[in-house]
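Got the model open in your viewer? Let's take a walk through it, one selection at a time.

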Amino acid sequence: MTEEKMPSFMRSLCMGRIEQDVLLPFPTMRDGDKEMLQGVAEALSSMLGAHEEDFRRWDREGEFPSEYIDELKEFGAFGLIIPEDEGGLGFGSMAYSRALQEVAKYDASTAVTIGAHSSIGMRGLKLFGTDEQKKRYYPKLSTGEMIAAFCLTEPGAGSDAASIATVAKRDGDDWVLNGNKLWITNGGIASFFTVFAKTDASKRGGMTAFIVTTEMEGVSVGPHEDKMGLRASSTTTVNFDEVRVPADHMLGEEGQGFKVAMKILNSGRTGLGGGSVGAMKKIIEMATAQASERKQFGQAIKDFGLIQQKIGQMVVDCYAAESVVTLVAGLVDAGHEDYAVEAAISKVFATEALWRTADEGLQVAGGNGYMCEFPYERMLRDCRINRIFEGTNDILRLFIALTGMNGVASELKELASLRKSIFSHPIKGFGVLSDYATKQAQLRTGIRAEGTHFTRLVPELAAYADSFEDATRELATATDRVLRKHGKGIIGKQFATRRLAEIMIDLFVWAAVMARVNDAIAAGADDAEQQREILHVFAGAATKRIRHQLRRIDDNDDETLKSVAAHAFELGRFAWDTI
Ligand SMILES: Cc1cc2nc3c(=O)[nH]c(=O)nc-3n(C[C@H](O)[C@H](O)[C@H](O)COP(=O)(O)OP(=O)(O)OC[C@H]3O[C@@H](n4cnc5c(N)ncnc54)[C@H](O)[C@@H]3O)c2cc1C
């Protein structure tokens, strides 16, 4: 099987198939990247470590001084993913994600400034740019002489990105751009913008991507937004007033802007994932130190079960997040094409694992956690946005389930059309029909059909592999059942869709953890047993969550809950009081 043809793990899983080649061997960093990264991580650590007090001040002031941005430029922080012969470090996805981990340990505003530049701002150039465009902009983007930003969101178009109102009209050799973009990260410091504008008014989502620079007349930015978190990072409006953009500034093809935007976001997800993992590692470091030093009731609070439960769970969450982000980065580096669902899962899981960790870390620190003197509260504020930007986790859940189910839906569709033809040509459709029926029967009875079980895991993981396979069969039958029940109407059944998404998220993360632990055991790693314990906890909890979600497919209070919400919407307030 060629890399390009490797199927999406989750799409296959929804049909009951386990694509071991996607998981195993668990990806490792390219040799060249590893050596380079070691040096970069150490240098980053000493540069950022020197600013720890400054980060707290800049958060309060709500802005980075320009000297600090210059320091990042001099360091080469804006050239992480730009090829070496163009002046960058040439990092692959895994090394890039790991570098952002290091940055996020110190400061999320810095991580998002670098991330918005590399993950989304200039990624369109990397993925879709012509040789000429790359030649023109790579050198400046790599030194930070030009900082990049990604301009999609507008006042009327957030999650529904296809509804943007910014327009580009062709006029001779130029496109003329008019419109306003909202909450653009790096807006105030960028001079290179990847801008999405409507070029076909007759079509929803008929948009095109353009490279726009501040050298072009009519580009302006609004004031620095005052935010809950990431306060030092620049967030502004970016406005386009009769901006003439030469036709050779188009990114990708005319009318393909929506696809360009989605590919950029998919490809850049491991940046945010890496940042989330870095912040979790820092919180675990702070919380273990705090719990070891703090004494109450005559003993260190680390000796209390409730504190141990929190720290243990943080470690499990961090290991799981790192595993899933690394697995997806490995898929990107290996040249896989079909990883959008898996990348979305890694974003949802890593950002929520960080949120839980930041919350529990603050709890371990008690009152200290609430004081601005310590970094806990800043880290909690900073990471809240991760669940909103680059696609809200709610929208991504819908995307994960609906896209994951695609394969099953097309098989069912094919089946429906074959059923019709069977009456006239009973033999023609028989093979496919019986194939599908056999597959379904195997799933229901648990018969081990080829491709539905693990054959490459070490024997020590047999029990986890068995429960994973059981859960996979349940997912496949549940997907089939839900699709048969709702058909195309599934789009409007968000309660049901979300349940399937939760199962898919748990299964993909479980698979990532299992693959990583497998390779650690196979390699005889000294700490393999500790890693197996993490798998044990994750797999046990995931199994319970999956069972719960499966039970709720048919036995739920969805309609009653909708009725409760309808009542609140009708009144526009909470209905009751005790006076
Ligand atoms: C600090 C910050 C930095 C940002 N940086 C950038 C940037 O660099 N570039 C850029 O282009 N954008 C950026 N954004 C914008 C960000 O991507 C959007 O905020 C995000 O996409 C959500 O859009 P929205 O805020 O308009 O929420 P809305 O789309 O209005 O959503 C509001 C709520 O409704 C839910 N919802 C919406 N539609 C549905 C549906 N169909 N079904 C169920 N639930 C639904 C959402 O999940 C959400 O909970 C940034 C935002 C912030 C706050």
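On this tour, a residue is near a molecule or strand if one of its heavy atoms lies within 4 Å of it. This is a predicted model, where local features need pLDDT of at least 70, side-chain atom pairs count only at pLDDT 80 or more, and totals for chains, interfaces and linings use all residues. Numbering runs from 1 along each chain as its sequence is written, and side-chain values use heavy atoms, with hydrogens and water left out.

Select the ligand and its shell. You should get 18 residues, with Phe150, Thr153, Ser159, Thr185 and Thr392 coming nearest. Sorted by class, that shell has 9 nonpolar, 6 polar and 3 charged residues (Ala, Val, Leu, Ile, Met, Phe, Trp, Tyr, Cys and Pro count as nonpolar, Asp, Glu, Lys and Arg as charged, the others, Gly among them, as polar).

Now color by domain, with bounds from an automatic or database domain assignment. The ligand lies between domain 1 (148-258) and domain 2 (261-394), because both give residues to its shell.

Next, show polar contacts (pairs of N or O atoms within 3.5 Å; within protein, one must be able to donate a hydrogen and the other to accept it, and residues adjacent in sequence count only if both atoms are side-chain atoms). A polar backbone atom of Phe150 sits 2.8 Å from a ligand nitrogen, and one of Leu152 is 3.0 Å from a ligand oxygen. Trp183 brings a backbone N or O atom to 2.9 Å from a ligand nitrogen. Of the 980 Å² of accessible area that the ligand has on its own, the protein covers 65% (Shrake-Rupley method, 1.4 Å probe; for residues, only the protein chains shown count as cover).

Stay on Trp183, which is in strand 3; helices (H or I, at least four residues) and strands (E, at least two) are DSSP runs, numbered from the N terminus. What is phi here at Trp183? It is near 55°, a positive value in a residue other than glycine. Most residues other than glycine have a negative phi, and most peptide bonds are trans.

Last stop: jump to Leu24 and Pro25, joined by a cis peptide bond with omega about -5°. Pro25 is in the loop between helix 2 (20-23) and helix 3 (31-49).
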